[in-house]
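Grab a pencil and let's work through some exercises together. Each one sets a task and then walks through a solution.

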Amino acid sequence: MPETKQPTAPPLEAKSPFELRVDLSRDVPESDVRKALATGDMGFLHSFTTGSTVDGPGVRVVAWTAGCHFRCQYCHNPDTWTMSNGMPVTVDRAMAELRKYRSGLKVMAGGFSLSGGEPLLQDRFALKLFSAAHDLGIHTALDTNGSLGDRLSDAEFENVDLVLLDIKSWDPERHLQLTGAEIGPVLAFARRLAARKRPIWVRFVLVPGLTDDAENIAPIARFAASLGTVERVDVLPFHQMGRFKWKALGLNYKLAEVQPPSPESVERACAQFRAEGLTAF
Ligand code: SF4
């Protein structure tokens, strides 16, 4: 009989999160997935990347989780929407990966960031990773869409040194259209972090024709400034690096013809945040 060749799983470490990864935990039984979500002993990761300078302070190792309940029109990693596209990874394996970079991260004043996807869909796993990273003396950051913040208690958030909070739009109707989700829980989470004096970096994706008008940015800037714990705002220009993923996954990509914003438009958005006394890049 001819030998059937099993597809080889890609390495955990990717060159960038823009690698398309699908079906990596297709064979994990549903009961194991449920157990993993309940205990957090195992999670589902798209990949690890190293050397990031945009996902928190210093140079970072980033673990990209699989699974997201938002459906942002501009998402550049739609392969991370589905948990079954992620690779099953135990906490021990993830920590072994992180341990390799421990001393380098300290020298470069960096740390470990968990992004996605939405990391808090796997809240127990996220917590175990943050706690283990802290045990190694590594700074931790959570990049989140903010809607599942209730899944971690205030005490559990002590394991998260910094929250990178995506605020995608201000108007509730527009937020719903843009992401498929309500804005209310995101803002409530921001207020909760602020009340606990937890540091926040706000991330705002500037999409021409969707989020870049002054009327949308002004209330986000006012809100961010009112929190009192926003250390900086990152205005992230929309780009098309994920377009090929939408096509490969057979998804309807409405923004295929949208161009990235001009440098002047990015600067205008930054200026609106700065006008409220915030540091914006
Ligand atoms: S929250 Fe992030 S990962 Fe989820 S759909 Fe939006 S951009 Fe994509």
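Before we start, one definition: a residue is buried if its relative accessible area is under 20%, exposed if it is over 50%, and partly exposed in between. Keep in mind, too, that this is a predicted model.

**Exercise 1. Work out whether strand β6 is enclosed or open, and find which strands it pairs with.**

Step 1. Strand β6 covers residues 162-166, and 5 of its 5 residues are buried, so the strand is largely enclosed by the rest of the structure.

Step 2. Now take the two faces in turn. On one side sit L162, L164 and D166, on the other V163 and L165, and all of them are buried, so both faces are covered.

Step 3. Look for the partners. β5 pairs with β6 in the parallel sense over 4 bridges, and T144 is the residue opposite L165. β6 also pairs with strand β7 (residues 200-206), again parallel and over 4 bridges. There, W201 is the bridge partner of L164.

Step 4. Stay with W201 for a moment: the charged end of R232 sits over its ring, 4.1 Å from the centre.

**Exercise 2. Classify the ring pair W81 and W246, and say where its two members are found.**

Step 1. A pair of aromatic rings is described by the distance of the centres and the angle of the planes. For W81 and W246 the centres are 5.3 Å apart and the planes stand at 85°.

Step 2. Compare with the cut-offs: centres must lie within 6.5 Å to pair, and planes over 60 degrees apart count as edge-to-face. So W81 and W246 make an edge-to-face pair.

Step 3. Place the residues. W81 is in the loop between β2 (60-65) and β3 (87-90), while W246 is in helix α9 (residues 243-248); they are 165 residues apart, so to speak linking distant parts of the chain.

Step 4. Check accessibility. W81 has 12% relative accessibility and counts as buried, and W246 is buried too, at 5%.

Step 5. Put the pair in context: the structure holds 7 aromatic pairs, and ring pairs also link F48, F112 and F130 into a cluster.

**Exercise 3. Check the length of helix α4, then find what covers its buried residues.**

Step 1. Helix α4 (residues 123-135) has 13 residues, and at 1.5 Å a residue it should span 18 Å. Its end C-alpha atoms are 18 Å apart, which agrees.

Step 2. List the buried residues: D123, F125, A126, L127, L129, F130, A132 and A133.

Step 3. Look at the cover, which includes β1 (42-52), β3, α2 (91-99), β4 (111-115), β5 and α5.

Step 4. See what comes after the helix: α4 is followed by G137, which has a positive phi near 80°.

**Exercise 4. Describe the surroundings of two loop residues, S147 and Q240.**

Step 1. S147 is in the loop between β5 (139-144) and α5 (154-157). With 17% relative accessibility, S147 counts as buried.

Step 2. The side chain of S147 makes polar contacts with the side chains of H69, at 2.7 Å, and N145, at 2.9 Å.

Step 3. Turn to Q240, in the loop between β8 (230-237) and α9. Its relative accessibility is 17%, which counts as buried.

Step 4. The Q240 side chain makes a polar contact of 2.8 Å with the side chain of Y253, and reaches the backbone oxygen of V258 at 2.8 Å.

Methods: Residues are numbered from 1 along each chain as its sequence is written. This is a predicted model: local features need pLDDT of at least 70, side-chain atom pairs count only at pLDDT 80 or more; totals for chains, interfaces and linings use all residues. Side-chain values use heavy atoms; hydrogens and water are left out. Rings of Phe, Tyr and Trp (its six-membered ring) pair if their centres lie within 6.5 Å; planes under 30 degrees apart count as stacked, over 60 as edge-to-face and the rest as tilted. Buried means under 20% relative accessible area, exposed over 50%, partly exposed in between (1.4 Å probe, protein chains only). A charge sits over a ring if NZ of Lys or CZ of Arg is within 6 Å of the ring centre and within 35 degrees of the ring normal. A polar contact is a pair of N or O atoms within 3.5 Å; within protein, one must be able to donate a hydrogen and the other to accept it, and residues adjacent in sequence count only if both atoms are side-chain atoms. The expected span of a helix is 1.5 Å times one less than its number of residues. Contact means heavy atoms within 4.5 Å. Two strands pair if DSSP finds at least two bridges between them.
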